[in-house]
Amino acid sequence: MRIATWNVNSIRTRVDRVVAFLERHDVDVLALQELKCKDAQFPTLPFEQAGYEVAVHGLNQWNGVGIVSRVGLSDVEVGFEGMPTYGEPEAVAEARALAATCDGVRVWSLYVPNGREVGHSHYAYKLDWLARLRDRGAEWLAADPQAQVALMGDWNVAPQDDDVWDMAVFEGATHVSEPERAAFRGVVEAGYADVVRPHAPGPGVYTYWDYTQLRFPKKQGMRIDFCLASPALAARVTGASIDREERKGKGASDHAPVIVDLD
């Protein structure tokens, strides 16, 4: 079984690339982030024609998460219990988390809040969001230690110094601050392992390159997209990779897909 995650930065713009990626890599399940469309606007037909079921959650032109699967897609869940909201008044939970069971694996597509800048209210929201995710993740494993859970997506955290091209550039910025890294570690300590890094070690192994200032050709990227797996799922991992080629060419997302192979 092969699962993957990809922040596509607008699915309507890149649907052809995504379907081609699925076929080229023989992917069974793909978690998608930053769809940038409402549910009714999602281009479902190309995926169905390729043999995939689709579950999506999009509220507007921002955020949005989805899962496409050719090995079953059941028990779809929008958001996780206690997921915080942002904004007042009468804030609603943003479209940042979606789960489905695919051939026995509980796949979560996650788009962690950006944080904007250290000290911003969105930064506090990000830390709270990750803390709530940690708590729910711990509860899932306490209820079933053998649960196969994949927390996949754009975490908007670079947990190690070599996950950015130059720490000096990020001094005082989000994504690398200690509270954010501690929040990421909290999920790991709750029982979820980064199953990609052992197969694609750094430094210089990134998943995101900004569109500006020729960041991609200069190899000035960040590693912020991850698959964190429960113990039972991590034991099944036989390989993992980051498809840097998908960041190339016309119409590329600013993120690359992350792929995980299971026995």
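This is a short walk through one structure, from its sheet to its largest pocket. Keep in mind that the model is predicted.

Let's start with the sheet. It is open and has 6 strands. The order runs β5-β6-β7-β8-β10-β9, and the pairing is mixed. Which strands stand at the edges? They are β5, residues 74-78, and β9, residues 193-194. Each has a single partner strand, so one side of each is left without a neighbour in the sheet.

Now look inside the sheet. Strand β6 covers residues 97-102, and strand β7 covers residues 105-111. The two pair in the antiparallel sense, over 6 bridges. For one example, take A99: its bridge partner in β7 is W108. As a reminder, strands of a sheet pair through backbone hydrogen bonds, either parallel or antiparallel.

Next, the loop between β5 and β6. M83 is found there. Is M83 buried or exposed? Its relative accessible area is 12%, and under 20% counts as buried, so M83 is buried. Leaving aside neighbours within four places in sequence, M83 is in contact with A93, E94, A97 and W129. Compare its position with G66. The two are 17 residues apart in sequence, and their C-alpha atoms are 17 Å apart in space.

On to helix α3, where R136 has its place. R136 is a charged residue. Its relative accessibility is 12%, so R136 counts as buried too. What does R136 touch? Not counting residues up to four places away in sequence, R136 touches F80, E81 and G82.

Then helix α4, residues 178-189. Here is a quick check on its length. There are 12 residues, and at 1.5 Å a residue they should span 16 Å. The end C-alpha atoms are 16 Å apart, which agrees. Which residues of α4 are buried? They are E180, R181, A183, F184, G186 and V187. These buried residues pack against helix α3, residues 121-143, and against two strands, β8 at 149-154 and β10 at 225-229. After α4 comes G191, and its phi is positive, near 125°.

Last stop, the largest pocket. Its volume is about 710 Å³. The pocket is lined by 36 residues, and the closest to its centre are E34, Y111, N114, N156 and H175. How does the lining divide? There are 15 nonpolar residues, 13 polar and 8 charged.

That's the tour.

Definitions and conventions:
Residues are numbered from 1 along each chain as its sequence is written. This is a predicted model: local features need pLDDT of at least 70, side-chain atom pairs count only at pLDDT 80 or more; totals for chains, interfaces and linings use all residues. Side-chain values use heavy atoms; hydrogens and water are left out. Helices (H or I, at least four residues) and strands (E, at least two) are DSSP runs, numbered from the N terminus. The expected span of a helix is 1.5 Å times one less than its number of residues. Buried means under 20% relative accessible area, exposed over 50%, partly exposed in between (1.4 Å probe, protein chains only). Contact means heavy atoms within 4.5 Å. On a 1 Å grid over the protein atoms alone, a cavity is a set of points where a 1.4 Å probe fits but cannot get out, and a pocket is an open set with protein on both sides within 12 Å along at least five of seven lines; lining residues have an atom within 4 Å of a point. Grid points are joined across faces, edges and corners, and a volume is the space filled by probe spheres set on the points. Two strands pair if DSSP finds at least two bridges between them.
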